[in-house]
Amino acid sequence: MIGGTYEYLMSSLPDLQFQNTNEVKQEVTGLLQKYAGSVADQYDPVKILDIEAQKFLPVSRYRIFKKMNLKNIHNEDFQHIKSKVVSNFSRFSFELKTQLKAWRTAQNSDERKSVKNHLDHILSAGTPLEKEIQIMKYQWHKLEDLSAGHFSDVEALFTYKLKLLILLRWWSFDAQTGFEKFTRITTKK
Amino acid sequence: MNKNSLAALKTELGEYRDALPVFEMKEQQLKGLVQSIEDGIEELKKDIENTNEQIKSWIAVMAEEGIDLGDMVKVEKVDLEQQEIAGVAVESYIDIHFAKVEPDYYTTPLWLDAAIEHVADQKTRQIMLEIEERKLELLQEELAEARRMKNALKEVFIPETIETIRKIEIYLGDVERLAIGCAKLVKKKKMAKMKGA
């Protein structure tokens with residue numbers, strides 16, 4: 001699956017691994033910032049990737065590429081698009097969120113019923129942080145499966161953005177900022 | 001300085017002596033209450049600290065952008081009970097009600113549920129702490145006032161009144177003795193005059 005127009009872009013993008021270390025963070029964000037080039041005030045890695053992708057993608061695909069994020073990827077419009085990776089990942093996300101909804105609703109009910117769930121291996125133990133990491137790992141592995149064999153085509157580019165979104169979400173978790181937010185909310189009158 | 005003022009001072013002294021045990025008792029009662037509220041405040045502070053420690057292992061998730069926890073956990077109403085403790089009007093915590101907000105399960109992350117629960121619990125403790133601190137402040141003011149009154153009665157009013165009464169009694173005794181002396185002298189002079197005649 002070699003797509004000439006995407007080959008250059010894909011090979012010049014920083015390699016993404018499911019890791020949360022300062023070294024990996026700096027490598028990915030640093031390289032993407034180099035891409036910003038003339039748009040010096042642009043430090044958001046997703047926006048930088050969007051700008052780069054716009055140069056290669058047809059308008060209709062770019063619109064989808066730009067719109068897609070982890071909050072809306074389960075939406076029906078993504079489930080029926082041409083890209084196999086995106087449509088399959090969208091359906092997977094919808095199923096995942098539906099399972100999570102069933103578990104959360106049961107947990108939030110007064111009786112705290114225990115429901116059989118395909119995600120028991122993720123949800124049964126651990127802190128909320130550990131559960132989130134497990135969910136993101138699950139999404140990551142799904143993307144790896146879906147994009148197998150796609151290295152430098154449009155599917156690889158879509159996969160890249162989804163993986164970047166997962167990593168950026170993980171990297172946004174910060175104990176100090178979280179604690180400041182928690183303290184601010186709990187002491188606010 | 002006459003017998004009337006002496007009688008008035010003795011009445012006053014009686015009133016001071018009646019009031020002293022009242023203030024002593026009030027001081028004791030308030031001391032006990034202040035101590036128990038201070039203990040309660042300590043407990044609440046410990047609970048707040050313990051929760052902060054417990055959630056440290058996963059609090060990083062709350063840094064995620066786009067989730068407004070403040071909107072998800074809103075205090076609707078705090079039920080308070082008006083009470084009079086040792087003559088002081090105070091408010092005591094009864095219950096707290098949060099606005100029921102159902103999260104959108106498709107767009108909000110899993111950690112939000114645990115966060116809502118912990119934020120609500122911690123917010124409840126913070127509100128209870130504020131109420132108890134306000135109550136403590138009022139009772140401490142009243143305790144200080146009771147102590148001031150007790151000390152004033154014990155150290156100033158009662159001893160000073162006793163001293164004034166003593167002085168008046170001496171003075172009135174002197175006046176009486178002087179009057180008797182004068183009367184005796186007049187009588188003696190009259191007798192001498194009668195003998196001479």
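These are my notebook entries on a predicted model, looking at how chain A meets chain B and at some side-chain pairs.

**Entry 1: the interface**

I started with the contact between the two chains. Chain A puts in 34 residues and chain B puts in 33 residues. Next I wanted an area, since the size of an interface is often given as the accessible area lost when the parts come together. For chain A and chain B, I noted about 3,100 Å² buried between them, with 64% of it on carbon and sulfur atoms. Which three residues supply more of chain A's buried area than any other three? I found R104(A), F182(A) and I185(A), which together supply 24% of the area that chain A buries against chain B.

**Entry 2: polar links across the interface**

I then looked up the polar side of the contact. Between chain A and chain B I have 13 residue pairs in polar contact, with both residues at pLDDT 80 or more. On the chain A side, I listed the elements that give two or more residues to the contact: helix 6 (84-108), helix 8 (128-146), helix 9 (154-172) and helix 10 (175-187). I also sorted that side of chain A by class and got 12 nonpolar, 10 polar and 12 charged residues.

**Entry 3: salt bridges between the chains**

Side chains of opposite charge can pair when their charged atoms come close. How many salt bridges cross the interface of chain A and chain B? I noted two.

One of them joins R104(A) to D113(B), and the closest N and O atoms are 2.8 Å apart. I had already met R104(A) in the first entry, as one of the three residues that supply 24% of chain A's buried area against chain B.

R169(A) also bridges to chain B, where its partner is E64(B) and the closest N and O atoms are 2.6 Å apart. I traced both ends: R169(A) sits in helix 9 of chain A, while E64(B) sits in the loop between helix 1 (3-55) and helix 2 (69-72) of chain B. Are these two residues buried or exposed? R169(A) has 13% relative accessibility, so I count R169(A) as buried. E64(B) is at 10%, so E64(B) is buried as well. I also noted that E132(A), R169(A) and E64(B) are linked in a network of salt bridges.

**Entry 4: other salt bridges**

I widened the search to the whole structure and got 22 salt bridges over all chains. I wrote down a couple of them.

In chain A, E52(A) pairs with K55(A), with the closest N and O atoms 2.8 Å apart. Their surroundings contrast: E52(A) is at 8% relative accessibility and therefore buried, whereas K55(A) is exposed, with a relative accessible area of 57%.

In chain B, K56(B) and E53(B) meet through their side chains at 3.0 Å, N to O. I looked up both accessibilities here too. K56(B) counts as partly exposed at 46%, and E53(B) counts as partly exposed at 45%.

**Entry 5: aromatic pairs**

I turned to the rings and found seven aromatic pairs over all chains. How are the rings of F18(A) and W140(A) placed? Their centres are 5.4 Å apart and their planes are at 50°, so I put the pair down as tilted. F18(A) is in the loop between helix 1 (4-12) and helix 2 (22-36) of chain A, and W140(A) is in helix 8, so the pair ties together parts that are 122 residues apart in sequence. I have both F18(A) and W140(A) as buried.

I looked at F89(A) and F92(A) next. Their ring centres are 5.6 Å apart with the planes at 35°, so this pair is tilted. F89(A) and F92(A) both lie in helix 6 of chain A, three residues apart, which is about one turn of the helix. F89(A) is buried at 0% relative accessibility, and F92(A) is buried at 12%.

**Entry 6: around I133(A)**

I went back to F18(A) and noted that F18(A), W140(A) and W170(A) form one aromatic cluster. What does I133(A) touch, leaving out residues up to four places away in sequence? I found F18(A) and W170(A). I133(A) itself lies in helix 8 of chain A. As a last distance, I looked up I133(A) and S152(A): they are 19 residues apart along the chain, and their C-alpha atoms are separated by 28 Å.

Technical notes:
Residues are numbered from 1 along each chain as its sequence is written. Chains are lettered from A and ligands numbered from 1 in the order in which they are written. This is a predicted model: local features need pLDDT of at least 70, side-chain atom pairs count only at pLDDT 80 or more; totals for chains, interfaces and linings use all residues. Side-chain values use heavy atoms; hydrogens and water are left out. Contact means heavy atoms within 4.5 Å. Buried area is the accessible area (1.4 Å probe) that two parts lose on being put together, summed over both. A salt bridge is a side-chain nitrogen of Lys or Arg within 4 Å of a carboxyl oxygen of Asp or Glu. A polar contact is a pair of N or O atoms within 3.5 Å; within protein, one must be able to donate a hydrogen and the other to accept it, and residues adjacent in sequence count only if both atoms are side-chain atoms. Helices (H or I, at least four residues) and strands (E, at least two) are DSSP runs, numbered from the N terminus. Ala, Val, Leu, Ile, Met, Phe, Trp, Tyr, Cys and Pro count as nonpolar, Asp, Glu, Lys and Arg as charged, and the others, Gly among them, as polar. Buried means under 20% relative accessible area, exposed over 50%, partly exposed in between (1.4 Å probe, protein chains only). Rings of Phe, Tyr and Trp (its six-membered ring) pair if their centres lie within 6.5 Å; planes under 30 degrees apart count as stacked, over 60 as edge-to-face and the rest as tilted.
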